[in-house]
Each structure stands twice: as structure tokens, then as C-alpha cells.
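Visitor: Hi, got a minute to go through a structure with me? I'd like to hear about the ligand and the rings.

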Amino acid sequence: MKPAKRCNQERGDKMQDKISASIMCADLLNLGDDIKELKKAGVDYIHWDIMDGVFVPNYSMNQDFMKVAREITDLKFDTHLMITDPARYIDKFAEAGTDLMVVHAEATIHLHRVVQQIKAKGLKVGVAINPATPVCSLNHVIGDLDLVLVMTVNPGYAGQKMIPATLDKIEEVREMVEKKGLEIDIEVDGNVSFENAVEMKKRGANVFVAGTSSIFHKDLSIVEATRKLRELLAEV
Ligand code: DX5
Ligand code: ZN
């Protein structure tokens, strides 16, 4: 397989490295302080993992948290809907302040229609695929997307280990994007550690969901960890 483009210079501006901080991994008792730290650290997005306890075996934040966070930060919101039938909540998360809405290919029987509905709200749109979902399932919708999210763990929980086979999927998506002449971000989510992030970028990823494995690392401050991740990625 042709090696993925290795550095930002070869990619359009759209493909610059972006760090999307997984807010479910923040200090939930001091969310406002952590959001301010994330802004200081210079992350590109706040990543909101929205879980319904059905599509994934866990339950997390909802649009109410996002609404109050929207009042204290201008950071862009990357909303990862790990919920069944996401069409039901497009409006609610759009109103709550989402900039980029990512739905799962496995969560709706009308994926093309849901993507159009999100675009009609003026939002950026992405589609996520779980570890066992083939990349070819994106074939007939990828041309309408701003981003593809390759899950590198089974969604639902922080603190998991990356599934090595998902690295090949990142490369497969990058291949598809380049073959179709598209400029689409490729996001990775799950155990994006300092070490894994470098390998994920080599395979073609450029948006990194950073959680307990990196910027909410117990031994580093948010600013220190973000700087470390940024520097490591810049060397790839
Ligand atoms: C998976 C979660 C995690 C989390 C990142 O559903 O979305 O990916 O945000 O946390 P770590 O870095 O612990 O995997
Ligand atoms: Zn996520």
C-alpha cells in the first residue's frame, strides 16, 4: 500500500495536525478550569463523547454540559455522537454549540440523509467507523464529508488499549481519500498516547482525540502534555 503522505507540507492546510481534547477525561469537578487550561494549551477542538448507553455500554454527558461550556469558551466543539439514530439529536447538539458533528456509520440506516441534515445546519460533518466496520462502508458518503473518524478502541470507555489492526484502517482511509482526490481530515479516537499518535500520523491521521493517554495524563499538566504531543507530531 502506498505510504500515506507523511508531513503537513504535502497536505493542504485542511490536513494540519489538530488536537481534539476528550472532555470526558477532564476533571469533571473542575470542568470550567480545565476548559480554560485547554484554551491556554492551544488545543484545536474540545471532543464531546456523547453516549446513550445503547449504542455503547456507557452513558456520559449531554447537550446541557455543552451549552454551559459554550458560554465560557470559543474553542471549537467536536461532537462525537455514540448514540443510536443520531438524527433525533442533530438539532439539540447544533443549538448547544457544536461546530463539527460526527455520527457513526453503524448507528443509522439512512447515513447519507443524516449527513445531509447535519450539513444543512451549517455544521462540519464526520462519520465514525468502529473497529470491525469495513472502510468500504464509507464509499458512497465520503465525498460529502469533512472528516472520517477511525475508532482505535471499541467506543465507550477511556483508558483502553489501542486495537493494532485499526492502524491499517487509518491507512486504508487515507488511500481512499487520496484516490478520490478529496481533502478530508482523518481523526483517531482511543488510546491516542504520545507513542501511538506518532504511528497513527505516519499511517495518515491528522486529528487526534487526546484523553487519559496523553493530555489528561496523570503526571503532566494539560499545557505540558499538549506541548509534548504537538512537538512529537511535528517531527513526523
Ligand atoms: C472511547 C473514548 C476514549 C476517550 C479517550 O469511546 O472516546 O477514546 O475519549 O481516552 P483515552 O486516551 O483514555 O483512550
Ligand atoms: Zn470520541
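Guide: Sure, and keep in mind that this is a predicted model. A good place to begin is a backbone N or O atom of Gly190, which lies 3.4 Å from an oxygen atom of ligand 1.

Visitor: And how far is an oxygen atom of ligand 1 from a polar backbone atom of Gly159?

Guide: That distance is 2.7 Å. There's also a side-chain contact: an N or O atom in the side chain of Thr212 is 2.3 Å from an oxygen atom of ligand 1.

Visitor: How much of the area that ligand 1 exposes when taken alone does the protein bury?

Guide: Ligand 1 alone exposes 370 Å², and the protein buries 100% of that. The space ligand 1 takes up is the largest cavity.

Visitor: Which residues come nearest to ligand 1?

Guide: Of the 15 around ligand 1, the nearest are Ser22, Asp49, Gly159, Asp189 and Thr212.

Visitor: What's the shell around ligand 1 like by class?

Guide: The shell has eight polar residues, five nonpolar and two charged.

Visitor: OK, switching to rings. How many aromatic pairs does the structure hold?

Guide: Two. One of them is Trp48 with Phe77: the ring centres are 5.3 Å apart and the planes sit at 65 degrees, so that pair counts as edge-to-face.

Visitor: Where in the chain are Trp48 and Phe77?

Guide: Trp48 is in strand β2 (residues 45-51) and Phe77 in strand β3 (residues 76-82). They're 29 residues apart, and the pair links distant parts of the chain.

Note on methods
Residues are numbered from 1 along each chain as its sequence is written. Chains are lettered from A and ligands numbered from 1 in the order in which they are written. This is a predicted model: local features need pLDDT of at least 70, side-chain atom pairs count only at pLDDT 80 or more; totals for chains, interfaces and linings use all residues. Side-chain values use heavy atoms; hydrogens and water are left out. A residue is near a molecule or strand if one of its heavy atoms lies within 4 Å of it. A polar contact is a pair of N or O atoms within 3.5 Å; within protein, one must be able to donate a hydrogen and the other to accept it, and residues adjacent in sequence count only if both atoms are side-chain atoms. Accessible areas come from the Shrake-Rupley method with a 1.4 Å probe; for residues, only the protein chains shown count as cover. On a 1 Å grid over the protein atoms alone, a cavity is a set of points where a 1.4 Å probe fits but cannot get out, and a pocket is an open set with protein on both sides within 12 Å along at least five of seven lines; lining residues have an atom within 4 Å of a point. A molecule sits in a cavity or pocket if more than half of its atoms lie within 2 Å of its grid points. Ala, Val, Leu, Ile, Met, Phe, Trp, Tyr, Cys and Pro count as nonpolar, Asp, Glu, Lys and Arg as charged, and the others, Gly among them, as polar. Rings of Phe, Tyr and Trp (its six-membered ring) pair if their centres lie within 6.5 Å; planes under 30 degrees apart count as stacked, over 60 as edge-to-face and the rest as tilted. Helices (H or I, at least four residues) and strands (E, at least two) are DSSP runs, numbered from the N terminus.
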